[in-house]
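Hi,

Here is the structure I promised to pass on. Have a look at it first, and my notes follow below.

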Amino acid sequence: MLSSVFVSQGVTKIRLTGGEPTVRRDILPLMHQIGELRQHGLKEICITTNGISLHRKLDSMVEAGLTGVNLSLDTLDPWQFQIMTRRKGYDAVQKSIDRMLELNRLGAGIKLKINCVVMRGVNDREILPFVEMTQEKNVEVRFIEYMPFDGNKWNKKKMLSYSEMLDLIRARYPTLHKVQDHKNDTSKTWHVPGFAGRIGFITSMTHNFCGTCNRLRITSDGNLKVCLFGNAEVSLRDILRQSNQGEPIDEQAFEAIKQLEMARRQGLTSSGQLPLGLAPNEMELLDVIGAAVKGKKEKHAGIGALEHMKNRPMILIESGSARMVSISGKNITSRVAKAACTVRFSNKTAIDLIRENQMKKGDVLGVARVAGIMASKRTPDLIPLCHPIPLSKVSVDLDVTGDDTIEILATVTCDGKTGVEMEALTAASTAALTVYDMCKAVDKAMVIEGLRVVLKDGGKSGRWEMA
């Protein structure tokens, strides 16, 4: 439905990305459905993939109208591939590449681009082997400047800039020359004379291309992002589901809506009005999309600022069936949450050692307190659907009570659009796990119990406290 809306407004290219789109059970019927929009103006259907299972589905994708593949591959060394991806699969990726080249020889016309994220000290030595790959193969290898996203442990020292990569390649191939790019290209294209393929550079960090970027992204949970680096997201899913009484639109509901809309179209056509797309509430969708596009920033932040921005981890932007709830419409308020749990020992030995600070691993209470505070700040990295939020204060208190118990209370505050219950729970539980780790040599029968939120305040629902 969304594809039909965008194509009706002049969008000519749709890319399926992820996560890994080829693992979706419905990827082929989805592509065939989108392929039907070619008769309404869609010109390109593309996919971004790791290439591992692509070769098994490639022929059917070509039948659906596949025109382009961006294949993510950061190394040409099978052993390094296994280290970087933590899986075997290099041979399968090469099989996918070979099959695409074979289909192209038969006239498939697939534009094959290989995306390589370059990291200093990790795979920068492979830049020239990747360039050599284009000598005989009609592919475009695109070197991507290492970009920061939540969870990828970005380090400025690891980033190899566009100019550095270009100098390295020119030293080997001095005849390398620039190719004229299309106005909306995200990469800067170069070519070595006599080579079958080309090379490109995606320079998000050192030379942003925001001024000519015309990309829009739909996340797996139905939100629109007008910029990959932007925090703003607008829910289109909720508007779409208004056509189905707020319920998810499955295949049966989609077909019913489509039939109703086709009937509506016929009525509009007879009255001289132009039909829109398949969504009954298309005008509302277009209003929301238009407002989001008009609010697109002129450019994202640069080096020195971009790496400190909070953003959704890439793996959550377009993969799986998880749902991150939009908080864009919520107001910023002062929020607080408290979470508690208990570590109960099977005897008094551990408590005596903790009180006397004689545990072999050190100060149990002090280390657990620091661990809880640190963990609360990493909650979005640990709990996938939690929003990254700036915390104002975190405190973790551990009290030894009686001869066998440590009571833990974590308090987290922030000024934000969403609550901090998960941050408080993460702090309390991590503090408890730290106690367990430091004391398990003395008491393997200890129990962590009673993890719970005992207080939350702020936001629309107001104050709640456990009796």
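**The sheet and the helices around it**

In this predicted model, an open sheet is built from 5 strands in the order β13-β14-β12-β15-β16, with antiparallel pairing. The edges are taken by β13 (391–401) and β16 (464–465); each has a single partner strand, so one side of each is left without a neighbour in the sheet.

At the β16 end, strand β15 (residues 447–457) runs antiparallel to β16 and is joined to it by 2 bridges. If you want a spot to zoom in on, Lys-456 stands opposite Trp-464 in β16.

At the other edge, helix α13 lies across β13 and β14 (405–416), and runs at about 150 degrees to β13.

Helix α13 (residues 364–377) also packs against helix α15 (residues 421–439), at an angle of about 145 degrees and with the axes 7 Å apart. Their crossing is right-handed. On the α13 side, the residues that meet α15 include Val-364, Ala-368, Ala-371 and Gly-372; among those of α15 that meet α13 are Glu-423, Ala-427, Thr-430, Ala-431 and Met-438. By class, this contact has 10 nonpolar, 5 polar and 1 charged residues.

One more residue for you, from another part of the chain: Lys-258 lies in helix α9 (residues 251–270). Lys-258 counts as partly exposed because its relative accessibility is 21%, and the cut-off for buried is under 20%. Lys-258 and Met-1 are 257 residues apart in sequence, yet their C-alpha atoms are 8.8 Å apart in space.

Happy browsing, and best wishes!

Definitions and conventions: Residues are numbered from 1 along each chain as its sequence is written. This is a predicted model: local features need pLDDT of at least 70, side-chain atom pairs count only at pLDDT 80 or more; totals for chains, interfaces and linings use all residues. Side-chain values use heavy atoms; hydrogens and water are left out. Axes are lines fitted to C-alpha atoms, for helices over the stretch in contact, and angles run from 0 to 180 degrees between N-to-C directions. Helices (H or I, at least four residues) and strands (E, at least two) are DSSP runs, numbered from the N terminus. A crossing is left-handed if the near helix is turned anticlockwise from the far one by less than a right angle, and right-handed if clockwise. Contact means heavy atoms within 4.5 Å. Ala, Val, Leu, Ile, Met, Phe, Trp, Tyr, Cys and Pro count as nonpolar, Asp, Glu, Lys and Arg as charged, and the others, Gly among them, as polar. Two strands pair if DSSP finds at least two bridges between them. Buried means under 20% relative accessible area, exposed over 50%, partly exposed in between (1.4 Å probe, protein chains only).
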